[in-house]
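Reader: I am new to this one. Could you walk me through it and explain the terms as we go?

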Amino acid sequence: MKREQLIALCKRYGAVLLNSDDEMLNIAVVGEPGSQLLESLRFATQKRIDIECWSQEKMDQHLHMATQTHLPAVNKGSGTAVELLNQTLEQALLQRASDIHFEPLADRMRVRLRVDGVLHPLTALPFAQTATVIARLKVLGNLDIAERRVPQDGQFTVELAGKSVSFRIATLPAKYGEKVVLRLLHQVEQTLDIRQLGMTACQHKAFSSALKRPQGLLLVTGPTGSGKTVTLYSALQSLNTPAVNICSVEDPVEIPLEGINQTQINPRAGLTFQNVLRAFLRQDPDIIMVGEIRDGDTAEIAIKAAQTGHLVLSTLHTNSTTEALVRLQQMGVARWMLSSSLLLVVAQRLVRKLCPHCRTRNGEHTAVPPSLWRRPLPRWHAGGCDHCYHGFYGRIALFEVLPVEGELRQAIAGELSTEDIHAQARRDGMTTLFENGCLAVEQGLTTVEELLRVLGTPYEN
């Protein structure tokens, strides 16, 4: 009998199925098990039957947790490490989590899921299972179980909900044991289309125009997890034709793209960003993508490639478009080199998207300084429903796009400050991340609170 049929059978007689393996069923009932339940189970299966007698309070708590997680709740008394882990992985997949955190504490193992950029706690795992669960994870990731003193990382693939799901695993020694973080890979088919990124019409026009240039440097900036990789891959996909040779160097290669020569760095073997970039220049490239500009050497090679007939795309970790200019200068790049090679800078963030099924407008408004936004912002509330997770479903990108041309190019070449360059960009029509966020709030796509959580309160100009 299948697990679903066993669950239905137990439910019919007021019992719950806790665990089922090849040899034994583990169920729970309130008080003493009825004879009809036992007879039905013996007729349905030849497995040994282990029955736990619970109080009504414990049963209610169990059913509440099962409803909260949409999966069988963890049975702290009898679940094996494999079962506990499988339930957690299935929960992560169901809730569209990007990361799973396993954190050993003094008396339990805390488990949290990052959903749409925010961590949410699950039911903690029992302390007695901590070492076993971590060992199981390390076995899956082909890591050294005996080594607990240094961080390790790896990758594995398991079957969940009828499909293969890949994870990246990273361990870290902590006070009460090893902390483990899993990153879900490729669990969602991402549409790599620059028209679907969420840019405004003006931003999309400037971005597309820069991609059509035969040479120059195009930068995408933002913190880790702000969607830079998807923006770059979408740009590459729009340029991916048999007429051009596209080469990318990444750490790691996150999304394989047919028709693009993707190289993953390997510092231990001497395969660094700088070495790969130098090799690219002997591979007759038209377009080069550098996963990240991390140091002055990489920046210098990338800019020289942009000056010698190649279109170069890359990322930086900065908070805004104009801050990218400062960061490159700090890496030793001369202003005249920047002004002659830079085509466009994109800054972006991801904010959680309000669920359209349960969002409501409560009639109140939030006053915003006129220098930041010209109108009070509406207040939205979403209490959560069957379609979403805590009132949100997915994320949308906010963009700040800075085309480098005309007077702005001259300002970069001169000795003007970042504030002066930003002011010139504003005169040229650039809208800021915060302004685009305010527009999203007005459209009911996100909330003021979410905007401030991601961007903070900007300085008034």
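Reader: What makes you say that helix H10 lies across strands, and which strands are they?

Author: Helix H10 (residues 321-330) lies across strand E11 (216-221), E15, strand E16 (342-354) and E19. Contact here means heavy atoms within 4.5 Å. H10 runs at about 130° to E16, where axes are lines fitted to C-alpha atoms, for helices over the stretch in contact, and angles run from 0 to 180 degrees between N-to-C directions. Helices (H or I, at least four residues) and strands (E, at least two) are DSSP runs, numbered from the N terminus. This is a predicted model, where local features need pLDDT of at least 70, side-chain atom pairs count only at pLDDT 80 or more, and totals for chains, interfaces and linings use all residues. Residues are numbered from 1 along each chain as its sequence is written, and side-chain values use heavy atoms, leaving out hydrogens and water.

Reader: How do you know that E14 and E15 pair?

Author: Two strands pair if DSSP finds at least two bridges between them. Strand E14 (residues 287-290) and strand E15 (residues 311-316) have four, in the parallel sense, so they pair by that definition. One bridge joins Val290 to Ser314 in E15.

Reader: Why are E13 and E19 at the edges of the sheet?

Author: The open sheet runs E13-E12-E14-E15-E11-E16-E19, with mixed pairing. Strand E13 (261-264) and strand E19 (392-403) each have a single partner strand, so one side of each has no neighbour in the sheet.

Reader: How confident is the predictor in each residue, as pLDDT gives it?

Author: On that scale, from 0 to 100, the chain averages 87, and 93% of the residues score at least 70. Over residues 67-78, pLDDT stays under 50.
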